[in-house]
Amino acid sequence: MDARPRTNAEYILPLKWTEDSGLEELCGYLEVLCTHLPVLVVDGSDEERFAAHGRAFPPAVRHCRPAHPECLNGKVDGVLTGLDLTRAEYLIIADDDVRYTPSALSRVLALLADADVVRPQNYFPAPLPWHAKWDTGRILLNRAFGSDYPGTLGVRAELLRRTGGYSGDVLFENLELLRTVKAAGGREARAGDLHIARLPCSARRFFSQRVRQAYDGFAQPLRLSAELSLLPLLTWCLRRPRRLAGFAGIAVAAAEYGRRRSGGSRVFPPTAALCAPVWLSERAVCIWLAAVRRMGGGIPYSGTRIRTAAHSVVTLRRELRRGTDPVA
């Protein structure tokens with residue numbers, strides 16, 4: 001990329017931290033990032049941490065509070081606040097653990113010249129802690145049967161302004177954004193060969209997200225049906241070791257296919273596919289726990305509950321025609 005920051009693009013980073021152990025590393029990343037494009041951090045952390053972040057961030061970073069309290073989902077709050085403040089044509093929205101390289105930034109922005117939203121591929125860089133290997137099994141299976149959902153998207157700001165943003169009352173916010181773009185007639189570019197690093201979370205956070213991630217299945221009926229069938233299938237397989245071995249073999253083969261798709265073998269280790277049966281076993285249990293949460297009113301989130309995983313394209317298209325917000 002050009003050494004001067006691009007003026008037609010902006011990087012929006014929604015942030016809400018309860019501890020700052022990764023602050024120094026994040027500041028180093030932002031310092032490099034600011035040399036390529038403007039950076040806006042929308043920070044929903046508590047007052048003490050917000051002030052500390054403001055002192056620590058590079059001077060070029062714009063740092064502000066979220067301004068959409070009507071959103072149940074804090075990330076959507078941050079994105080919509082960024083949309084209010086930016087005048088850029090292209091937006092790169094990224095979680096705080098996503099780490100772009102200059103070439104990856106250039107590729108996303110180039111793809112946005114012909115698309116309204118760009119979906120790249122995240123991966124965990126080596127060395128992988130055990131729980132990141134476990135989660136890589138999920139990524140590979142997603143790649144085998146379609147596309148994974150990363151922690152970052154590129155999007156045209158004009159389209160999001162035209163739709164009035166997207167719903168902040170859903171759990172699966174990236175899918176909601178993608179479906180909103182589709183409902184508005186926008187074009188998605190799936191860049192499965194654009195591999196962008198994502199720092200693994202702690203093991204404690206990983207375990208805390210198991211049921212919450214499973215809840216996303218309620219936005220995808222076919223996937224939900226398949227995942228609900230996993231526990232009965234595994235129970236049936238447990239009666240015969242050969243059945244269980246066959247199930248594991250099919251899972252590993254599918255994950256290996258996902259690993260090799262779109263140049264994935266460059267970033268996903270050869271042993272990653274072996275984790276697919278482990279992840280499927282986890283999902284077999286967690287999807288039923290998520291169903292219990294659903295019957296209880298939804299997933300607990302920042303002192304409230306979110307019932308809707310994401311709205312369907314049909315619902316979003318209908319509400320866009322009406323000019324109203326989608327309802328759960």
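Leaving aside neighbours within four places in sequence, which residues is Leu178 in contact with? The legends below treat a predicted model, and the first view gives the reply.

**View 1. Leu178 and its contacts.** Leu178 sits in helix H7, residues 173-183. Beyond its neighbours within four places in sequence, Leu178 is in contact with Val117, Arg119, Tyr149, Leu153 and Glu188. The relative accessible area of Leu178 is 6%. Buried means under 20%, so Leu178 counts as buried. Val155 is 23 residues from Leu178 along the chain. The C-alpha atoms of this pair are 9.2 Å apart.

**View 2. The open sheet and its edges.** The sheet has 8 strands and mixed pairing. Their order is E3-E2-E1-E4-E7-E6-E8-E5. Strands E3 (62-64) and E5 (98-99) are at the edges. Each has a single partner strand, so one side of each lacks a neighbour in the sheet.

**View 3. The E5 edge.** Strand E5 pairs with strand E8, residues 188-198. The pairing is antiparallel and spans 2 bridges. Across from Arg99 stands Ala197 of E8.

**View 4. Helix H2 on the sheet.** Which strands does helix H2 touch? Helix H2 (residues 47-56) packs on the sheet against strand E1 (9-15), strand E2 (39-43) and E3. The directions of H2 and E3 make an angle of about 170°.

**View 5. Helix H3 across four strands.** Helix H3 covers residues 74-85. Helix H3 lies across E1, E2, E3 and strand E4 (90-94). Relative to E1, helix H3 runs at about 150°.

Note on methods
Residues numbered from 1 in each chain as written. Predicted model: local features only at pLDDT ≥ 70, side-chain atom pairs only at ≥ 80, totals over all residues. Heavy atoms only, no water. Pairing = 2+ DSSP bridges. Contact = heavy atoms within 4.5 Å. Axes fitted to C-alpha atoms, helices over the stretch in contact; angles between N-to-C directions. Buried < 20%, exposed > 50% of the residue type's maximum accessible area, 1.4 Å probe, protein only.
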